[in-house]
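Q: Could you take me on a close look at the spot where the ligand sits, and at what lies around it? I'm new to this, so please explain the terms as you go.

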Amino acid sequence: MSQGRDQSYSLSNEDFDFICQYTYELTGIVLSQKKREMVYRRLTRIIRERKFPSFTAYCDLLKKNPVQEQSYFVNKITTNLTSFYREPHHFDYLTEHELPRLMANKVKQANGKKRLRIWSSASSTGEEPYSIAMTVLESLQAELSIWDIKLLATDIDSNVLSVGKAGVYEYRKIESIDEKYKAKYFKRGAGSNENNVRVTKELNNLITFKQLNLLHDWPIKGPFDVIFCRNVIIYFDKTTQQDLFTRYYDMLAPGGLLMLGHSENLGAYQQHFDNVGRTIFRKPL
Ligand SMILES: C[S@@+](CC[C@H](N)C(=O)[O-])C[C@H]1O[C@@H](n2cnc3c(N)ncnc32)[C@H](O)[C@@H]1O
(Lines give C-alpha, C1' and ligand atoms only; values in the text may rest on other atoms or scores of the structure.)
Protein backbone atom coordinates (compact mmCIF):
# COMPACT_ATOMS: atom_id res chain seq x y z
CA MET A 1 0.00 0.00 0.00
CA SER A 2 1.44 3.36 -1.05
CA GLN A 3 1.37 6.24 1.38
CA GLY A 4 3.25 8.80 -0.70
CA ARG A 5 6.94 9.49 -0.75
CA ASP A 6 7.15 10.64 2.86
CA GLN A 7 6.87 7.46 4.92
CA SER A 8 7.87 8.89 8.28
CA TYR A 9 4.38 8.32 9.74
CA SER A 10 2.28 5.27 9.11
CA LEU A 11 -1.43 5.52 8.37
CA SER A 12 -3.26 2.36 9.45
CA ASN A 13 -6.43 1.17 7.74
CA GLU A 14 -8.34 1.86 10.94
CA ASP A 15 -7.14 5.48 11.12
CA PHE A 16 -7.78 6.01 7.40
CA ASP A 17 -11.34 4.65 7.73
CA PHE A 18 -11.95 6.94 10.70
CA ILE A 19 -10.65 9.97 8.75
CA CYS A 20 -12.93 9.11 5.79
CA GLN A 21 -15.97 8.85 8.07
CA TYR A 22 -15.04 12.01 9.99
CA THR A 23 -14.58 13.96 6.74
CA TYR A 24 -17.90 12.70 5.39
CA GLU A 25 -19.82 13.67 8.51
CA LEU A 26 -18.25 17.14 8.69
CA THR A 27 -18.23 18.11 5.03
CA GLY A 28 -20.11 15.58 2.88
CA ILE A 29 -16.85 14.89 1.02
CA VAL A 30 -16.48 11.21 0.12
CA LEU A 31 -12.89 9.96 0.36
CA SER A 32 -12.02 6.61 -1.16
CA GLN A 33 -8.85 4.49 -1.24
CA LYS A 34 -7.85 6.50 -4.34
CA LYS A 35 -7.48 9.54 -2.09
CA ARG A 36 -5.35 7.77 0.51
CA GLU A 37 -2.11 9.33 -0.67
CA MET A 38 -3.67 12.82 -0.77
CA VAL A 39 -5.06 12.38 2.75
CA TYR A 40 -1.67 11.17 3.93
CA ARG A 41 0.11 14.17 2.39
CA ARG A 42 -2.32 16.79 3.72
CA LEU A 43 -2.62 15.42 7.23
CA THR A 44 1.09 14.70 7.63
CA ARG A 45 1.52 18.46 7.49
CA ILE A 46 -0.75 18.87 10.53
CA ILE A 47 0.96 16.04 12.37
CA ARG A 48 4.40 17.46 11.73
CA GLU A 49 3.51 21.13 12.37
CA ARG A 50 1.68 20.32 15.57
CA LYS A 51 4.14 17.63 16.67
CA PHE A 52 1.68 14.73 17.08
CA PRO A 53 3.60 11.47 17.64
CA SER A 54 1.40 9.51 15.18
CA PHE A 55 -1.73 9.50 13.02
CA THR A 56 -3.45 7.55 15.79
CA ALA A 57 -2.70 10.30 18.32
CA TYR A 58 -4.17 12.87 15.93
CA CYS A 59 -7.26 10.68 15.31
CA ASP A 60 -7.69 10.32 19.08
CA LEU A 61 -7.85 14.11 19.34
CA LEU A 62 -10.39 14.30 16.48
CA LYS A 63 -12.53 11.69 18.23
CA LYS A 64 -12.91 14.09 21.14
CA ASN A 65 -14.22 16.44 18.41
CA PRO A 66 -13.09 19.86 19.67
CA VAL A 67 -14.71 22.58 17.53
CA GLN A 68 -11.46 24.44 16.89
CA GLU A 69 -9.80 21.27 15.60
CA GLN A 70 -12.70 20.62 13.23
CA SER A 71 -12.10 23.82 11.32
CA TYR A 72 -8.34 23.25 11.24
CA PHE A 73 -8.98 19.77 9.83
CA VAL A 74 -11.55 20.96 7.27
CA ASN A 75 -9.22 23.71 6.04
CA LYS A 76 -6.54 21.09 5.37
CA ILE A 77 -8.72 18.37 3.81
CA THR A 78 -10.63 20.49 1.25
CA THR A 79 -9.46 20.90 -2.34
CA ASN A 80 -9.54 24.59 -3.21
CA LEU A 81 -8.39 24.64 -6.82
CA THR A 82 -9.90 27.57 -8.72
CA SER A 83 -8.97 30.38 -11.10
CA PHE A 84 -10.28 33.63 -12.57
CA TYR A 85 -12.86 33.04 -15.32
CA ARG A 86 -12.57 29.27 -14.88
CA GLU A 87 -14.95 27.59 -17.34
CA PRO A 88 -15.39 30.86 -19.25
CA HIS A 89 -18.58 29.78 -21.04
CA HIS A 90 -20.52 30.55 -17.83
CA PHE A 91 -19.32 34.16 -17.82
CA ASP A 92 -19.98 34.42 -21.58
CA TYR A 93 -23.53 33.19 -20.99
CA LEU A 94 -24.04 35.85 -18.33
CA THR A 95 -22.73 38.59 -20.65
CA GLU A 96 -24.48 37.47 -23.82
CA HIS A 97 -27.79 36.16 -22.51
CA GLU A 98 -28.61 36.41 -18.84
CA LEU A 99 -27.62 39.94 -17.88
CA PRO A 100 -29.28 41.45 -21.01
CA ARG A 101 -32.41 39.39 -20.19
CA LEU A 102 -32.44 40.64 -16.59
CA MET A 103 -31.79 44.24 -17.71
CA ALA A 104 -34.80 44.03 -20.01
CA ASN A 105 -37.15 42.25 -17.62
CA LYS A 106 -36.39 43.35 -14.07
CA VAL A 107 -38.73 45.94 -12.63
CA LYS A 108 -37.77 48.54 -10.05
CA GLN A 109 -38.58 47.75 -6.46
CA ALA A 110 -40.04 50.01 -3.77
CA ASN A 111 -36.53 51.48 -3.26
CA GLY A 112 -36.48 52.53 -6.93
CA LYS A 113 -33.79 49.99 -7.83
CA LYS A 114 -33.62 46.75 -9.77
CA ARG A 115 -32.49 43.87 -7.58
CA LEU A 116 -29.71 41.47 -8.63
CA ARG A 117 -28.53 38.66 -6.35
CA ILE A 118 -25.85 36.10 -7.27
CA TRP A 119 -24.43 33.39 -5.01
CA SER A 120 -21.06 31.71 -5.46
CA SER A 121 -21.71 28.77 -3.15
CA ALA A 122 -18.25 27.19 -3.00
CA SER A 123 -16.21 30.29 -3.66
CA SER A 124 -12.80 29.04 -2.53
CA THR A 125 -10.20 31.86 -2.60
CA GLY A 126 -12.51 34.31 -4.38
CA GLU A 127 -11.51 34.10 -8.03
CA GLU A 128 -15.02 32.89 -8.97
CA PRO A 129 -17.01 35.66 -7.22
CA TYR A 130 -14.58 38.35 -8.44
CA SER A 131 -15.00 37.05 -12.01
CA ILE A 132 -18.77 37.26 -11.55
CA ALA A 133 -18.42 40.80 -10.16
CA MET A 134 -16.35 41.98 -13.16
CA THR A 135 -18.84 40.38 -15.55
CA VAL A 136 -21.77 42.11 -13.86
CA LEU A 137 -20.06 45.51 -13.68
CA GLU A 138 -19.07 45.35 -17.35
CA SER A 139 -22.64 44.57 -18.44
CA LEU A 140 -24.49 46.98 -16.16
CA GLN A 141 -21.98 49.84 -16.19
CA ALA A 142 -24.19 52.30 -18.08
CA GLU A 143 -27.04 51.89 -15.60
CA LEU A 144 -25.30 50.94 -12.35
CA SER A 145 -27.11 53.64 -10.39
CA ILE A 146 -30.47 51.93 -10.83
CA TRP A 147 -29.22 48.53 -9.64
CA ASP A 148 -29.10 47.08 -6.15
CA ILE A 149 -26.44 44.39 -6.62
CA LYS A 150 -25.30 41.91 -4.00
CA LEU A 151 -22.96 39.00 -4.58
CA LEU A 152 -22.65 36.38 -1.87
CA ALA A 153 -19.55 34.18 -1.68
CA THR A 154 -19.56 31.24 0.74
CA ASP A 155 -17.30 28.32 1.53
CA ILE A 156 -16.77 25.88 4.38
CA ASP A 157 -13.04 26.68 4.58
CA SER A 158 -12.21 29.74 6.71
CA ASN A 159 -8.71 30.11 5.25
CA VAL A 160 -9.87 30.48 1.66
CA LEU A 161 -12.54 32.96 2.73
CA SER A 162 -9.84 35.16 4.32
CA VAL A 163 -7.94 35.16 1.03
CA GLY A 164 -11.12 36.10 -0.84
CA LYS A 165 -11.96 38.90 1.59
CA ALA A 166 -8.46 40.35 1.35
CA GLY A 167 -8.62 40.24 -2.46
CA VAL A 168 -4.85 40.05 -2.86
CA TYR A 169 -3.46 37.66 -5.48
CA GLU A 170 -0.16 36.87 -7.10
CA TYR A 171 0.08 38.70 -10.42
CA ARG A 172 0.50 35.41 -12.31
CA LYS A 173 -3.08 34.48 -11.33
CA ILE A 174 -4.50 37.36 -13.37
CA GLU A 175 -1.97 37.11 -16.19
CA SER A 176 -4.47 35.67 -18.69
CA ILE A 177 -7.17 38.26 -17.93
CA ASP A 178 -7.92 40.85 -20.60
CA GLU A 179 -5.55 43.86 -20.22
CA LYS A 180 -8.50 46.23 -20.05
CA TYR A 181 -9.91 44.45 -16.97
CA LYS A 182 -6.51 44.11 -15.33
CA ALA A 183 -6.07 47.87 -15.49
CA LYS A 184 -9.61 48.61 -14.38
CA TYR A 185 -10.13 46.13 -11.54
CA PHE A 186 -6.67 45.39 -10.08
CA LYS A 187 -3.97 47.53 -8.47
CA ARG A 188 -0.37 46.35 -8.68
CA GLY A 189 1.55 46.27 -5.40
CA ALA A 190 4.76 48.25 -4.85
CA GLY A 191 8.12 47.31 -3.34
CA SER A 192 8.03 43.85 -1.79
CA ASN A 193 4.44 43.48 -3.06
CA GLU A 194 5.25 44.08 -6.70
CA ASN A 195 4.35 40.51 -7.61
CA ASN A 196 0.91 40.94 -6.10
CA VAL A 197 -2.27 42.68 -7.15
CA ARG A 198 -5.24 43.82 -5.07
CA VAL A 199 -8.79 43.96 -6.39
CA THR A 200 -10.31 47.43 -6.42
CA LYS A 201 -12.68 48.59 -3.67
CA GLU A 202 -15.49 48.76 -6.22
CA LEU A 203 -15.15 45.01 -6.85
CA ASN A 204 -14.50 44.08 -3.23
CA ASN A 205 -17.50 46.07 -1.97
CA LEU A 206 -19.91 44.12 -4.16
CA ILE A 207 -19.14 40.81 -2.45
CA THR A 208 -19.99 39.50 1.01
CA PHE A 209 -17.77 36.57 2.04
CA LYS A 210 -19.32 34.27 4.61
CA GLN A 211 -18.57 30.83 6.02
CA LEU A 212 -21.26 28.30 5.16
CA ASN A 213 -21.29 24.51 5.18
CA LEU A 214 -23.57 23.39 2.35
CA LEU A 215 -24.64 20.42 4.46
CA HIS A 216 -26.01 22.61 7.24
CA ASP A 217 -28.73 25.29 7.34
CA TRP A 218 -28.34 28.18 4.95
CA PRO A 219 -28.95 31.36 6.96
CA ILE A 220 -28.97 33.50 3.83
CA LYS A 221 -31.57 35.51 2.02
CA GLY A 222 -32.68 34.67 -1.50
CA PRO A 223 -34.07 34.46 -3.96
CA PHE A 224 -31.03 34.43 -6.23
CA ASP A 225 -30.99 35.22 -9.92
CA VAL A 226 -27.93 33.02 -10.44
CA ILE A 227 -26.26 30.40 -8.26
CA PHE A 228 -22.79 29.06 -8.98
CA CYS A 229 -22.30 25.57 -7.56
CA ARG A 230 -19.19 24.56 -9.42
CA ASN A 231 -16.68 21.81 -8.74
CA VAL A 232 -17.95 21.01 -5.26
CA ILE A 233 -20.80 18.48 -5.59
CA ILE A 234 -18.36 16.21 -7.41
CA TYR A 235 -16.94 15.43 -3.95
CA PHE A 236 -20.37 14.44 -2.54
CA ASP A 237 -22.41 11.24 -2.88
CA LYS A 238 -25.60 11.07 -4.98
CA THR A 239 -27.95 11.43 -1.98
CA THR A 240 -26.21 14.60 -0.78
CA GLN A 241 -26.19 15.96 -4.33
CA GLN A 242 -29.92 15.41 -4.85
CA ASP A 243 -30.71 16.96 -1.48
CA LEU A 244 -28.61 20.02 -2.37
CA PHE A 245 -30.30 20.40 -5.78
CA THR A 246 -33.70 20.63 -4.07
CA ARG A 247 -32.36 23.34 -1.79
CA TYR A 248 -30.69 25.26 -4.63
CA TYR A 249 -33.97 25.08 -6.56
CA ASP A 250 -35.82 26.61 -3.63
CA MET A 251 -33.21 29.39 -3.32
CA LEU A 252 -33.52 30.39 -6.99
CA ALA A 253 -35.98 32.98 -8.32
CA PRO A 254 -38.31 31.63 -11.02
CA GLY A 255 -36.23 31.78 -14.22
CA GLY A 256 -32.99 31.76 -12.16
CA LEU A 257 -29.87 29.92 -13.28
CA LEU A 258 -27.84 27.17 -11.64
CA MET A 259 -24.28 26.76 -12.94
CA LEU A 260 -22.50 23.45 -12.31
CA GLY A 261 -18.86 22.47 -12.87
CA HIS A 262 -17.61 20.81 -16.05
CA SER A 263 -17.88 17.22 -14.82
CA GLU A 264 -21.07 17.65 -12.79
CA ASN A 265 -24.71 17.02 -13.67
CA LEU A 266 -28.12 17.18 -12.03
CA GLY A 267 -28.82 13.45 -12.38
CA ALA A 268 -32.46 12.65 -11.68
CA TYR A 269 -33.11 16.27 -10.63
CA GLN A 270 -32.60 17.46 -14.23
CA GLN A 271 -36.37 17.07 -14.87
CA HIS A 272 -37.03 20.15 -12.66
CA PHE A 273 -34.75 22.45 -14.70
CA ASP A 274 -34.34 23.44 -18.36
CA ASN A 275 -30.84 22.80 -19.69
CA VAL A 276 -30.04 26.09 -21.48
CA GLY A 277 -26.29 25.72 -22.05
CA ARG A 278 -23.25 23.65 -21.14
CA THR A 279 -23.77 22.85 -17.43
CA ILE A 280 -26.25 25.77 -17.22
CA PHE A 281 -29.71 25.01 -15.86
CA ARG A 282 -32.73 27.31 -15.62
CA LYS A 283 -35.50 27.00 -13.07
CA PRO A 284 -38.71 27.31 -15.11
CA LEU A 285 -40.67 30.58 -14.80
C1 LIG B 1 -12.47 22.90 -6.09
S2 LIG B 1 -13.07 24.26 -5.16
C3 LIG B 1 -14.15 25.02 -6.37
C4 LIG B 1 -14.05 26.53 -6.38
C5 LIG B 1 -14.87 27.24 -7.45
N6 LIG B 1 -16.29 26.98 -7.27
C7 LIG B 1 -14.44 26.84 -8.83
O8 LIG B 1 -15.16 26.08 -9.51
O9 LIG B 1 -13.38 27.28 -9.29
C10 LIG B 1 -14.22 23.45 -4.06
C11 LIG B 1 -14.57 24.30 -2.84
O12 LIG B 1 -15.67 23.66 -2.16
C13 LIG B 1 -15.52 23.88 -0.78
N14 LIG B 1 -16.33 22.90 -0.03
C15 LIG B 1 -16.12 21.56 0.14
N16 LIG B 1 -17.07 21.02 0.91
C17 LIG B 1 -17.93 22.03 1.23
C18 LIG B 1 -19.12 22.10 2.02
N19 LIG B 1 -19.63 21.03 2.63
N20 LIG B 1 -19.73 23.31 2.14
C21 LIG B 1 -19.21 24.42 1.53
N22 LIG B 1 -18.09 24.41 0.79
C23 LIG B 1 -17.45 23.23 0.64
C24 LIG B 1 -14.01 23.71 -0.56
O25 LIG B 1 -13.58 24.32 0.63
C26 LIG B 1 -13.45 24.36 -1.83
O27 LIG B 1 -13.06 25.70 -1.60
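A: Let's start with one contact: a backbone N or O atom of I156 lies 3.3 Å from a nitrogen atom of the ligand. That counts as a polar contact, meaning a pair of N or O atoms within 3.5 Å; within protein, one must be able to donate a hydrogen and the other to accept it, and residues adjacent in sequence count only if both atoms are side-chain atoms. Before going on, keep in mind that this is a predicted model, where local features need pLDDT of at least 70 and side-chain atom pairs count only at pLDDT 80 or more, while totals for chains, interfaces and linings use all residues. Residues are numbered from 1 along each chain as its sequence is written, and side-chain values use heavy atoms, with hydrogens and water left out.

Side chains join in too. A polar side-chain atom of N231 lies 2.8 Å from an oxygen atom of the ligand, and one of N80 lies 3.0 Å from a ligand oxygen. Stepping back, 22 residues surround the ligand, each with a heavy atom within 4 Å of it. The closest are T27, T82, A122, D155 and N231.

Now look at the protein atoms alone. The largest pocket has a volume of about 530 Å³. A pocket here is an open set of points on a 1 Å grid where a 1.4 Å probe fits, with protein on both sides within 12 Å along at least five of seven lines. Its volume is the space filled by probe spheres set on the points, and grid points are joined across faces, edges and corners. This pocket is lined by 31 residues, and the closest to its centre are T79, A122, N231, V232 and Y235; lining residues have an atom within 4 Å of a point. So what is that lining made of? It divides into 14 nonpolar, 11 polar and 6 charged residues. In that count, Ala, Val, Leu, Ile, Met, Phe, Trp, Tyr, Cys and Pro are nonpolar, Asp, Glu, Lys and Arg are charged, and the others, Gly among them, are polar.

Two backbone details are worth finding as well. Y85 has a positive phi of about 50° although it is not a glycine, and its place is in the loop between α4 (67–77) and α5 (89–105). The peptide bond from G222 to P223 is cis, with omega near -5°, and P223 is found in the loop between β6 (207–211) and β7 (224–229). Those labels come from DSSP runs, numbered from the N terminus: helices are H or I with at least four residues, strands are E with at least two.
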